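Thanks for passing this one along. Here are my notes, point by point, for you to read beside the model.

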Amino acid sequence: MDPKGALGSRIQAALSSRDERWIRRRLPDPNTSSSSSPLIDFNSNDYLSLANSSKLRSLFLEKLAAAPDVLGSGGSRLLVNGKAHAALEARLAGFFKGDTALLFNSGFDANQGFFACVPQPGDVVVYDEYIHASVHDGVRASRARDAQFSFSHNSIPDLRCVLHRLKDERPGLRTGETSLFLSVESLYSMDGTFSPLREIVDVLEETFPLKNGYLVVDEAHSTGIYGPQGRGRVVELGLEDRVLARLHTFGKALAATGAVIITNTLIRDYLLNYARSLIYTTSLSYANIVAADCSFDMLMDGTAQHLSNRLQGLSSYFCNTLNPLLKANNIPPTLVSLPVHFQQPSSSTSASPPSPIIPVLTPHPRPLSAYLLALGMNARPITWPTVPKGKDRVRVCLHAGNTQEDLDKLIQGIISWAEETMRERPAQKGVASSRDRHGGLLESKL
Ligand SMILES: Cc1ncc(COP(=O)(O)O)c(C=O)c1O
(Lines give C-alpha, C1' and ligand atoms only; values in the text may rest on other atoms or scores of the structure.)
Protein backbone atom coordinates (compact mmCIF):
# COMPACT_ATOMS: atom_id res chain seq x y z
CA MET A 1 0.00 0.00 0.00
CA ASP A 2 1.39 3.40 -1.01
CA PRO A 3 0.92 6.19 1.52
CA LYS A 4 -1.37 8.75 -0.09
CA GLY A 5 -2.49 12.18 1.02
CA ALA A 6 -0.65 14.15 3.69
CA LEU A 7 1.67 11.34 4.78
CA GLY A 8 2.91 10.58 1.28
CA SER A 9 3.45 14.25 0.45
CA ARG A 10 5.29 14.99 3.65
CA ILE A 11 7.59 12.03 3.31
CA GLN A 12 8.25 12.84 -0.33
CA ALA A 13 8.95 16.47 0.54
CA ALA A 14 11.48 15.44 3.20
CA LEU A 15 13.31 13.19 0.74
CA SER A 16 13.21 15.83 -2.00
CA SER A 17 14.60 18.39 0.39
CA ARG A 18 17.50 16.04 1.09
CA ASP A 19 17.98 15.62 -2.65
CA GLU A 20 18.13 19.38 -3.10
CA ARG A 21 20.71 19.73 -0.35
CA TRP A 22 22.75 16.79 -1.70
CA ILE A 23 22.43 14.88 1.55
CA ARG A 24 19.99 12.14 0.56
CA ARG A 25 21.20 8.76 1.78
CA ARG A 26 21.13 5.74 -0.47
CA LEU A 27 22.35 2.20 -0.14
CA PRO A 28 25.64 1.66 -1.94
CA ASP A 29 25.77 -0.73 -4.87
CA PRO A 30 26.29 -4.27 -3.49
CA ASN A 31 28.62 -4.99 -6.40
CA THR A 32 31.03 -2.32 -5.30
CA SER A 33 30.79 -2.45 -1.55
CA SER A 34 30.55 -6.05 -0.33
CA SER A 35 33.61 -7.88 0.98
CA SER A 36 33.80 -9.95 -2.23
CA SER A 37 33.89 -6.82 -4.40
CA PRO A 38 36.88 -6.52 -6.74
CA LEU A 39 37.42 -2.96 -5.53
CA ILE A 40 40.20 -2.25 -3.06
CA ASP A 41 38.47 -1.78 0.27
CA PHE A 42 39.20 1.57 1.90
CA ASN A 43 35.69 1.73 3.24
CA SER A 44 34.56 -1.04 5.58
CA ASN A 45 35.20 -1.27 9.31
CA ASP A 46 36.72 -4.73 8.83
CA TYR A 47 40.02 -3.26 10.05
CA LEU A 48 41.85 -6.54 10.57
CA SER A 49 40.48 -8.05 7.33
CA LEU A 50 39.12 -10.92 9.40
CA ALA A 51 35.94 -11.02 7.28
CA ASN A 52 38.10 -12.54 4.55
CA SER A 53 40.31 -14.64 6.79
CA SER A 54 40.38 -18.28 5.69
CA LYS A 55 41.62 -19.22 9.17
CA LEU A 56 38.63 -17.60 10.86
CA ARG A 57 36.25 -19.03 8.29
CA SER A 58 37.51 -22.61 8.85
CA LEU A 59 37.44 -22.19 12.61
CA PHE A 60 33.89 -20.90 12.46
CA LEU A 61 32.66 -23.72 10.23
CA GLU A 62 34.37 -26.31 12.44
CA LYS A 63 32.94 -24.91 15.66
CA LEU A 64 29.54 -24.48 14.07
CA ALA A 65 29.52 -28.11 12.98
CA ALA A 66 30.33 -29.20 16.52
CA ALA A 67 27.95 -26.82 18.30
CA PRO A 68 24.82 -28.33 19.91
CA ASP A 69 22.75 -25.32 18.82
CA VAL A 70 23.35 -23.19 15.73
CA LEU A 71 20.09 -21.53 14.79
CA GLY A 72 17.87 -18.90 16.40
CA SER A 73 18.11 -18.35 20.15
CA GLY A 74 14.34 -18.62 20.44
CA GLY A 75 13.63 -15.47 22.42
CA SER A 76 14.82 -12.71 24.65
CA ARG A 77 17.65 -13.55 27.05
CA LEU A 78 15.08 -13.17 29.81
CA LEU A 79 13.13 -16.08 28.31
CA VAL A 80 15.82 -18.30 26.82
CA ASN A 81 19.29 -18.00 28.25
CA GLY A 82 21.47 -20.14 25.97
CA LYS A 83 24.47 -21.88 27.53
CA ALA A 84 26.62 -20.54 24.70
CA HIS A 85 25.53 -16.97 25.47
CA ALA A 86 26.34 -17.34 29.17
CA ALA A 87 29.68 -18.99 28.39
CA LEU A 88 30.68 -16.21 25.99
CA GLU A 89 29.83 -13.59 28.62
CA ALA A 90 31.97 -15.37 31.20
CA ARG A 91 34.82 -15.54 28.71
CA LEU A 92 34.53 -11.85 27.80
CA ALA A 93 34.36 -10.65 31.41
CA GLY A 94 37.72 -12.38 31.94
CA PHE A 95 39.24 -11.32 28.63
CA PHE A 96 38.38 -7.65 29.11
CA LYS A 97 39.44 -7.73 32.76
CA GLY A 98 36.01 -6.70 34.02
CA ASP A 99 33.63 -7.94 36.72
CA THR A 100 30.80 -8.99 34.43
CA ALA A 101 29.73 -8.91 30.80
CA LEU A 102 26.33 -8.53 29.18
CA LEU A 103 25.67 -9.28 25.52
CA PHE A 104 23.53 -7.07 23.31
CA ASN A 105 22.42 -7.66 19.72
CA SER A 106 24.43 -4.68 18.53
CA GLY A 107 26.54 -1.81 19.75
CA PHE A 108 23.67 0.49 18.91
CA ASP A 109 21.31 -1.46 21.18
CA ALA A 110 23.89 -1.53 23.95
CA ASN A 111 24.50 2.23 23.98
CA GLN A 112 20.84 3.03 23.51
CA GLY A 113 19.78 0.61 26.25
CA PHE A 114 22.44 1.73 28.71
CA PHE A 115 21.92 5.47 28.37
CA ALA A 116 18.14 5.20 28.27
CA CYS A 117 17.93 3.53 31.67
CA VAL A 118 21.00 3.96 33.86
CA PRO A 119 20.89 7.76 34.48
CA GLN A 120 18.45 8.44 37.31
CA PRO A 121 16.20 11.47 37.92
CA GLY A 122 18.41 14.49 38.58
CA ASP A 123 21.46 12.93 36.93
CA VAL A 124 23.39 14.59 34.15
CA VAL A 125 25.00 13.20 30.97
CA VAL A 126 28.00 14.87 29.35
CA TYR A 127 29.42 13.62 26.07
CA ASP A 128 32.06 14.49 23.52
CA GLU A 129 30.49 16.50 20.69
CA TYR A 130 31.38 13.69 18.25
CA ILE A 131 29.72 10.92 20.24
CA HIS A 132 27.85 8.22 18.31
CA ALA A 133 24.15 8.54 17.42
CA SER A 134 23.25 5.57 19.65
CA VAL A 135 24.29 7.50 22.77
CA HIS A 136 22.17 10.46 21.68
CA ASP A 137 19.19 8.17 21.15
CA GLY A 138 19.65 6.60 24.58
CA VAL A 139 19.98 9.92 26.39
CA ARG A 140 16.94 11.32 24.56
CA ALA A 141 14.87 8.43 25.90
CA SER A 142 16.28 8.74 29.43
CA ARG A 143 15.35 10.60 32.58
CA ALA A 144 18.35 12.85 31.92
CA ARG A 145 16.98 14.02 28.57
CA ASP A 146 16.80 17.61 29.83
CA ALA A 147 20.22 17.44 31.44
CA GLN A 148 22.57 16.56 28.58
CA PHE A 149 25.63 18.60 27.66
CA SER A 150 28.45 18.25 25.18
CA PHE A 151 32.08 19.33 25.33
CA SER A 152 34.37 20.21 22.43
CA HIS A 153 35.89 17.20 20.79
CA ASN A 154 38.72 15.78 22.92
CA SER A 155 39.22 19.14 24.67
CA ILE A 156 40.31 18.71 28.28
CA PRO A 157 40.02 22.46 29.04
CA ASP A 158 36.45 22.53 27.72
CA LEU A 159 35.56 19.31 29.55
CA ARG A 160 36.92 20.78 32.79
CA CYS A 161 34.92 23.95 32.20
CA VAL A 162 31.65 22.06 31.52
CA LEU A 163 32.09 19.80 34.56
CA HIS A 164 32.86 22.71 36.89
CA ARG A 165 29.93 24.72 35.62
CA LEU A 166 27.55 21.80 36.13
CA LYS A 167 28.89 21.19 39.61
CA ASP A 168 28.45 24.87 40.50
CA GLU A 169 24.91 24.97 39.13
CA ARG A 170 23.67 21.67 40.55
CA PRO A 171 23.91 21.16 44.30
CA GLY A 172 23.10 17.43 43.97
CA LEU A 173 26.32 16.91 42.04
CA ARG A 174 28.28 18.66 44.82
CA THR A 175 26.70 16.64 47.64
CA GLY A 176 26.83 13.36 45.74
CA GLU A 177 23.04 12.93 45.72
CA THR A 178 23.03 12.91 41.93
CA SER A 179 25.52 11.56 39.41
CA LEU A 180 27.19 12.66 36.23
CA PHE A 181 27.84 10.25 33.35
CA LEU A 182 30.60 11.09 30.92
CA SER A 183 30.43 9.35 27.56
CA VAL A 184 33.39 9.14 25.16
CA GLU A 185 34.67 6.87 22.40
CA SER A 186 38.21 5.60 22.66
CA LEU A 187 38.73 6.02 18.88
CA TYR A 188 36.36 8.28 16.94
CA SER A 189 34.95 6.73 13.82
CA MET A 190 34.89 9.76 11.52
CA ASP A 191 38.08 11.55 12.59
CA GLY A 192 40.39 8.75 13.67
CA THR A 193 41.18 10.69 16.85
CA PHE A 194 41.95 8.94 20.13
CA SER A 195 40.30 10.10 23.29
CA PRO A 196 42.79 11.31 25.92
CA LEU A 197 41.32 8.76 28.33
CA ARG A 198 43.81 9.14 31.14
CA GLU A 199 43.42 12.92 31.30
CA ILE A 200 39.64 12.53 31.08
CA VAL A 201 39.52 10.16 34.06
CA ASP A 202 41.84 12.47 36.03
CA VAL A 203 39.62 15.52 35.42
CA LEU A 204 36.48 13.56 36.28
CA GLU A 205 37.90 12.22 39.54
CA GLU A 206 39.38 15.59 40.49
CA THR A 207 36.04 17.33 39.91
CA PHE A 208 33.97 14.65 41.62
CA PRO A 209 35.98 13.48 44.62
CA LEU A 210 32.81 11.90 46.05
CA LYS A 211 33.05 9.46 43.13
CA ASN A 212 29.69 10.40 41.61
CA GLY A 213 31.24 11.09 38.18
CA TYR A 214 31.15 7.98 35.98
CA LEU A 215 33.04 7.39 32.76
CA VAL A 216 31.51 5.21 30.04
CA VAL A 217 33.83 4.32 27.15
CA ASP A 218 32.70 3.13 23.73
CA GLU A 219 35.49 0.95 22.31
CA ALA A 220 33.64 0.06 19.10
CA HIS A 221 36.54 1.07 16.84
CA SER A 222 39.39 0.01 19.17
CA THR A 223 38.29 -3.52 19.97
CA GLY A 224 40.62 -6.10 18.48
CA ILE A 225 43.20 -3.50 17.44
CA TYR A 226 44.53 -1.75 20.54
CA GLY A 227 45.59 -2.99 23.93
CA PRO A 228 47.06 -6.38 24.72
CA GLN A 229 45.57 -8.94 22.31
CA GLY A 230 43.03 -6.31 21.22
CA ARG A 231 41.44 -5.72 24.64
CA GLY A 232 40.97 -2.03 23.87
CA ARG A 233 42.39 1.28 25.04
CA VAL A 234 40.99 1.11 28.58
CA VAL A 235 42.96 -2.05 29.33
CA GLU A 236 45.97 -0.73 27.41
CA LEU A 237 46.05 2.30 29.73
CA GLY A 238 45.23 0.27 32.86
CA LEU A 239 42.00 2.19 33.52
CA GLU A 240 39.62 -0.76 34.03
CA ASP A 241 38.88 0.14 37.65
CA ARG A 242 38.23 3.81 36.89
CA VAL A 243 35.58 3.25 34.22
CA LEU A 244 31.94 2.37 34.98
CA ALA A 245 31.19 0.59 31.72
CA ARG A 246 32.86 -0.23 28.43
CA LEU A 247 31.26 -1.14 25.14
CA HIS A 248 32.98 -3.60 22.81
CA THR A 249 31.34 -4.36 19.49
CA PHE A 250 31.85 -7.45 17.35
CA GLY A 251 30.80 -6.01 13.99
CA LYS A 252 33.92 -4.06 13.10
CA ALA A 253 37.42 -5.51 13.55
CA LEU A 254 35.97 -8.80 14.80
CA ALA A 255 34.03 -9.57 11.60
CA ALA A 256 31.00 -10.80 13.53
CA THR A 257 27.90 -9.12 14.93
CA GLY A 258 26.72 -8.15 18.41
CA ALA A 259 28.26 -6.31 21.32
CA VAL A 260 29.08 -6.61 25.00
CA ILE A 261 28.99 -4.20 27.91
CA ILE A 262 31.67 -4.83 30.52
CA THR A 263 30.58 -3.49 33.88
CA ASN A 264 29.89 -4.42 37.51
CA THR A 265 27.22 -6.82 38.80
CA LEU A 266 24.87 -4.11 40.00
CA ILE A 267 24.72 -2.29 36.66
CA ARG A 268 24.44 -5.60 34.82
CA ASP A 269 21.44 -6.60 36.94
CA TYR A 270 19.89 -3.20 36.40
CA LEU A 271 20.33 -3.46 32.61
CA LEU A 272 18.71 -6.90 32.68
CA ASN A 273 15.72 -5.31 34.36
CA TYR A 274 15.44 -1.98 32.59
CA ALA A 275 17.33 -1.94 29.26
CA ARG A 276 14.48 -2.24 26.81
CA SER A 277 16.78 -2.92 23.86
CA LEU A 278 17.88 -6.06 25.69
CA ILE A 279 14.60 -7.17 27.25
CA TYR A 280 12.21 -6.78 24.34
CA THR A 281 14.19 -8.43 21.58
CA THR A 282 15.29 -11.91 20.54
CA SER A 283 18.87 -12.44 21.63
CA LEU A 284 21.73 -13.19 19.22
CA SER A 285 21.41 -16.47 17.32
CA TYR A 286 23.69 -19.34 18.33
CA ALA A 287 25.54 -18.98 15.03
CA ASN A 288 26.28 -15.36 15.96
CA ILE A 289 27.64 -16.49 19.32
CA VAL A 290 29.85 -19.12 17.70
CA ALA A 291 31.14 -16.52 15.23
CA ALA A 292 31.99 -14.02 17.97
CA ASP A 293 33.62 -16.77 20.04
CA CYS A 294 35.84 -17.70 17.07
CA SER A 295 36.86 -14.06 16.61
CA PHE A 296 37.94 -13.97 20.25
CA ASP A 297 39.99 -17.12 19.59
CA MET A 298 41.81 -15.09 16.94
CA LEU A 299 42.43 -12.34 19.46
CA MET A 300 43.68 -14.72 22.13
CA ASP A 301 45.96 -16.77 19.89
CA GLY A 302 47.84 -13.62 18.82
CA THR A 303 46.56 -13.56 15.21
CA ALA A 304 44.82 -10.23 15.75
CA GLN A 305 47.89 -8.68 17.40
CA HIS A 306 49.95 -9.55 14.36
CA LEU A 307 47.31 -8.08 12.03
CA SER A 308 47.01 -5.00 14.19
CA ASN A 309 50.77 -4.38 14.04
CA ARG A 310 50.58 -4.62 10.28
CA LEU A 311 47.57 -2.29 10.15
CA GLN A 312 49.31 0.33 12.29
CA GLY A 313 52.38 0.09 10.06
CA LEU A 314 50.22 0.71 6.99
CA SER A 315 48.55 3.66 8.64
CA SER A 316 51.92 5.29 9.44
CA TYR A 317 53.10 4.60 5.90
CA PHE A 318 50.01 6.21 4.38
CA CYS A 319 50.27 9.44 6.39
CA ASN A 320 54.04 9.65 6.23
CA THR A 321 53.92 9.28 2.43
CA LEU A 322 50.85 11.37 1.56
CA ASN A 323 51.72 14.45 3.64
CA PRO A 324 55.07 15.25 1.99
CA LEU A 325 53.67 14.44 -1.46
CA LEU A 326 50.82 16.92 -1.02
CA LYS A 327 53.41 19.57 -0.15
CA ALA A 328 55.85 18.58 -2.91
CA ASN A 329 53.06 18.79 -5.49
CA ASN A 330 51.85 22.16 -4.19
CA ILE A 331 48.36 20.86 -3.49
CA PRO A 332 46.66 23.59 -1.46
CA PRO A 333 45.32 22.41 1.91
CA THR A 334 42.02 24.04 0.94
CA LEU A 335 41.71 21.35 -1.75
CA VAL A 336 43.11 18.27 0.02
CA SER A 337 44.71 17.85 3.41
CA LEU A 338 44.97 15.52 6.34
CA PRO A 339 43.87 16.86 9.74
CA VAL A 340 46.65 18.31 11.88
CA HIS A 341 46.86 15.21 14.07
CA PHE A 342 47.79 13.18 10.99
CA GLN A 343 50.43 15.61 9.82
CA GLN A 344 53.19 14.71 12.26
CA PRO A 345 55.21 11.64 11.37
CA SER A 346 53.49 8.80 13.23
CA SER A 347 54.62 5.41 14.48
CA SER A 348 53.41 2.77 16.89
CA THR A 349 55.53 4.40 19.61
CA SER A 350 53.91 7.88 19.30
CA ALA A 351 51.71 9.09 22.20
CA SER A 352 48.65 8.13 20.16
CA PRO A 353 49.07 5.02 18.07
CA PRO A 354 48.40 5.14 14.32
CA SER A 355 44.70 4.99 13.47
CA PRO A 356 43.20 2.97 10.61
CA ILE A 357 40.61 5.72 10.06
CA ILE A 358 42.10 8.63 8.14
CA PRO A 359 39.88 11.49 6.96
CA VAL A 360 41.11 13.04 3.73
CA LEU A 361 39.65 16.52 4.05
CA THR A 362 38.35 18.13 0.89
CA PRO A 363 35.41 20.34 -0.01
CA HIS A 364 34.81 18.02 -2.99
CA PRO A 365 34.43 14.58 -1.38
CA ARG A 366 32.05 13.12 -3.96
CA PRO A 367 34.20 13.85 -7.03
CA LEU A 368 37.31 12.56 -5.24
CA SER A 369 35.49 9.39 -4.18
CA ALA A 370 34.12 8.90 -7.72
CA TYR A 371 37.62 9.38 -9.18
CA LEU A 372 39.03 6.75 -6.84
CA LEU A 373 36.14 4.42 -7.65
CA ALA A 374 36.94 4.68 -11.35
CA LEU A 375 40.48 3.59 -10.46
CA GLY A 376 39.14 0.53 -8.60
CA MET A 377 39.15 1.85 -5.03
CA ASN A 378 36.26 2.19 -2.63
CA ALA A 379 36.65 5.15 -0.24
CA ARG A 380 33.43 6.89 0.74
CA PRO A 381 32.58 10.58 0.79
CA ILE A 382 31.27 11.78 4.13
CA THR A 383 29.38 15.05 4.29
CA TRP A 384 27.12 16.98 6.62
CA PRO A 385 25.05 15.93 8.59
CA THR A 386 27.31 12.95 9.38
CA VAL A 387 30.19 15.36 9.97
CA PRO A 388 29.99 19.10 10.83
CA LYS A 389 29.49 21.56 7.98
CA GLY A 390 32.81 22.52 6.37
CA LYS A 391 34.44 19.24 7.44
CA ASP A 392 33.57 17.16 4.39
CA ARG A 393 35.98 14.38 3.66
CA VAL A 394 36.69 11.10 2.01
CA ARG A 395 36.95 8.69 4.92
CA VAL A 396 39.81 6.31 4.27
CA CYS A 397 39.68 3.11 6.30
CA LEU A 398 42.77 0.98 6.13
CA HIS A 399 42.82 -2.77 6.63
CA ALA A 400 45.45 -5.30 7.59
CA GLY A 401 44.76 -6.98 4.23
CA ASN A 402 45.69 -3.89 2.22
CA THR A 403 49.09 -4.03 0.57
CA GLN A 404 51.61 -1.23 0.33
CA GLU A 405 50.87 -1.17 -3.42
CA ASP A 406 47.18 -0.57 -2.61
CA LEU A 407 48.20 2.40 -0.51
CA ASP A 408 50.53 3.75 -3.17
CA LYS A 409 47.67 3.52 -5.66
CA LEU A 410 45.39 5.41 -3.29
CA ILE A 411 48.00 8.11 -2.63
CA GLN A 412 48.69 8.48 -6.33
CA GLY A 413 44.94 8.64 -7.03
CA ILE A 414 44.47 11.45 -4.50
CA ILE A 415 47.39 13.44 -5.90
CA SER A 416 46.32 12.98 -9.56
CA TRP A 417 42.76 13.98 -8.75
CA ALA A 418 43.98 17.13 -6.98
CA GLU A 419 46.26 18.04 -9.88
CA GLU A 420 43.50 17.50 -12.45
CA THR A 421 41.06 19.50 -10.37
CA MET A 422 43.53 22.38 -10.10
CA ARG A 423 44.16 22.29 -13.84
CA GLU A 424 40.44 22.19 -14.72
CA ARG A 425 39.27 24.74 -12.19
CA PRO A 426 42.18 26.90 -11.11
CA ALA A 427 39.86 29.60 -9.79
CA GLN A 428 37.83 27.21 -7.68
CA LYS A 429 40.46 25.73 -5.43
CA GLY A 430 38.74 24.66 -2.29
CA VAL A 431 35.22 25.83 -3.18
CA ALA A 432 32.52 23.23 -3.84
CA SER A 433 30.50 23.93 -6.96
CA SER A 434 27.16 22.43 -7.90
CA ARG A 435 28.94 20.44 -10.59
CA ASP A 436 31.07 18.82 -7.90
CA ARG A 437 27.99 17.76 -6.14
CA HIS A 438 26.63 16.02 -9.20
CA GLY A 439 30.03 14.52 -9.91
CA GLY A 440 29.90 11.96 -7.12
CA LEU A 441 28.44 8.50 -7.47
CA LEU A 442 28.32 7.71 -3.80
CA GLU A 443 26.34 9.10 -0.93
CA SER A 444 27.34 9.74 2.64
CA LYS A 445 27.58 6.64 4.86
CA LEU A 446 25.06 7.25 7.58
C1 LIG B 1 31.28 4.50 18.07
C2 LIG B 1 30.22 3.51 17.74
N3 LIG B 1 29.48 3.00 18.73
C4 LIG B 1 28.52 2.10 18.49
C5 LIG B 1 28.26 1.68 17.22
C6 LIG B 1 27.16 0.69 16.98
O7 LIG B 1 27.70 -0.58 16.89
P8 LIG B 1 26.97 -1.71 16.04
O9 LIG B 1 27.39 -1.53 14.63
O10 LIG B 1 27.41 -2.99 16.66
O11 LIG B 1 25.50 -1.46 16.22
C12 LIG B 1 29.02 2.17 16.15
C13 LIG B 1 28.75 1.70 14.77
O14 LIG B 1 28.54 2.45 13.85
C15 LIG B 1 30.02 3.12 16.41
O16 LIG B 1 30.75 3.65 15.42
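What follows is a set of numbered points on a predicted model, going from the domains to single residues.

1. Start with the overall division. The chain splits into domain 1, made of 24-51 plus 304-439, and domain 2, which runs over 73-284. Domain 1 is thus written in two segments, with domain 2 given as one range. Their C-alpha centres are 30 Å apart. The contact between them draws on 27 residues of domain 1 and 22 residues of domain 2.

2. Next, the area. Putting domain 1 and domain 2 together buries about 1700 Å², and carbon and sulfur atoms supply 59% of that. If you want residues to click on in domain 1, try Tyr47, Pro353 and Ile357: these lose the most area to domain 2, and together they make up 23% of what the domain 1 side buries.

3. What holds for polar pairs across this interface? The rule picks out eleven residue pairs in polar contact between domain 1 and domain 2, both partners at pLDDT 80 or more. On the domain 1 side, the elements giving two or more residues to the contact are helix α14 (303-328) and the strands β9 (357-361) and β12 (393-397). The largest share comes from α14, with five residues. By type, the domain 1 residues that touch domain 2 come out as 15 nonpolar, eight polar and four charged.

4. How many salt bridges cross between domain 1 and domain 2? The rule finds one. As for salt bridges between named side chains, Asp191 and Arg393 form one, at 3.4 Å from N to O. By the domain ranges, Asp191 falls in domain 2 and Arg393 in domain 1, and β12 (393-397) takes in Arg393 as well.

5. Leu361 is worth a look while you are in this part of the model. Leu361 sits in strand β9 and is partly exposed, because its relative accessible area is 23%. Beyond its sequence neighbours up to four places away, Leu361 touches Leu335, Val336, Ser337, Leu338, Pro339, Lys391, Asp392 and Arg393. Arg393, then, turns up both in that contact list and in the salt bridge with Asp191. Pro333 is 28 residues from Leu361 in sequence, with 8.4 Å between their C-alpha atoms.

6. Please check the backbone at Pro385. The peptide bond from Trp384 to Pro385 is cis, with omega near 10°. Pro385 lies in the loop between β11 (380-382) and β12. For background, most peptide bonds are trans, and most residues other than glycine have a negative phi.

7. Two residues other than glycine have a positive phi and deserve a glance. Asn154 has phi near 60° and lies in the loop between β4 (148-151) and α7 (156-169). Gln229 has phi near 55° and lies in the loop between β6 (213-218) and α10 (233-236). Are they buried or exposed? Asn154 has a relative accessible area of 19%, so it counts as buried, whereas Gln229, at 24%, is partly exposed.

8. Lys97 belongs to the loop between α4 (83-95) and β2 (100-104). With a relative accessible area of 46%, Lys97 is partly exposed. Which residues does Lys97 touch, apart from those up to four places away in sequence? They are Arg231, Val235, Glu240 and Arg246. Val234 is 137 residues from Lys97 along the chain, and their C-alpha atoms are 9.9 Å apart.

9. Last, two residues in helices. Asp293 is placed in helix α13 (residues 286-300), and its 19% relative accessibility is why it counts as buried. Setting aside neighbours within four places in sequence, Asp293 is in contact with Lys63, Leu88 and Arg91. His136 is in helix α6 (residues 133-140) and, at 19% relative accessibility, counts as buried as well, because the cut-off is under 20%. His136 is in contact with Tyr127 and Ile131, again leaving aside neighbours within four places in sequence.

Definitions and conventions: Residues numbered from 1 in each chain as written. Predicted model: local features only at pLDDT ≥ 70, side-chain atom pairs only at ≥ 80, totals over all residues. Heavy atoms only, no water. Helix = DSSP H or I, 4+ residues; strand = E, 2+ residues; numbered from the N terminus. Buried < 20%, exposed > 50% of the residue type's maximum accessible area, 1.4 Å probe, protein only. Contact = heavy atoms within 4.5 Å. Domains from an automatic or database assignment. Buried area = accessible area lost by both parts, 1.4 Å probe. Salt bridge = Lys/Arg side-chain N within 4 Å of Asp/Glu carboxyl O. Polar contact = N/O pair within 3.5 Å; in protein donor to acceptor, adjacent residues only side chain to side chain. Nonpolar A, V, L, I, M, F, W, Y, C, P; charged D, E, K, R; others polar.
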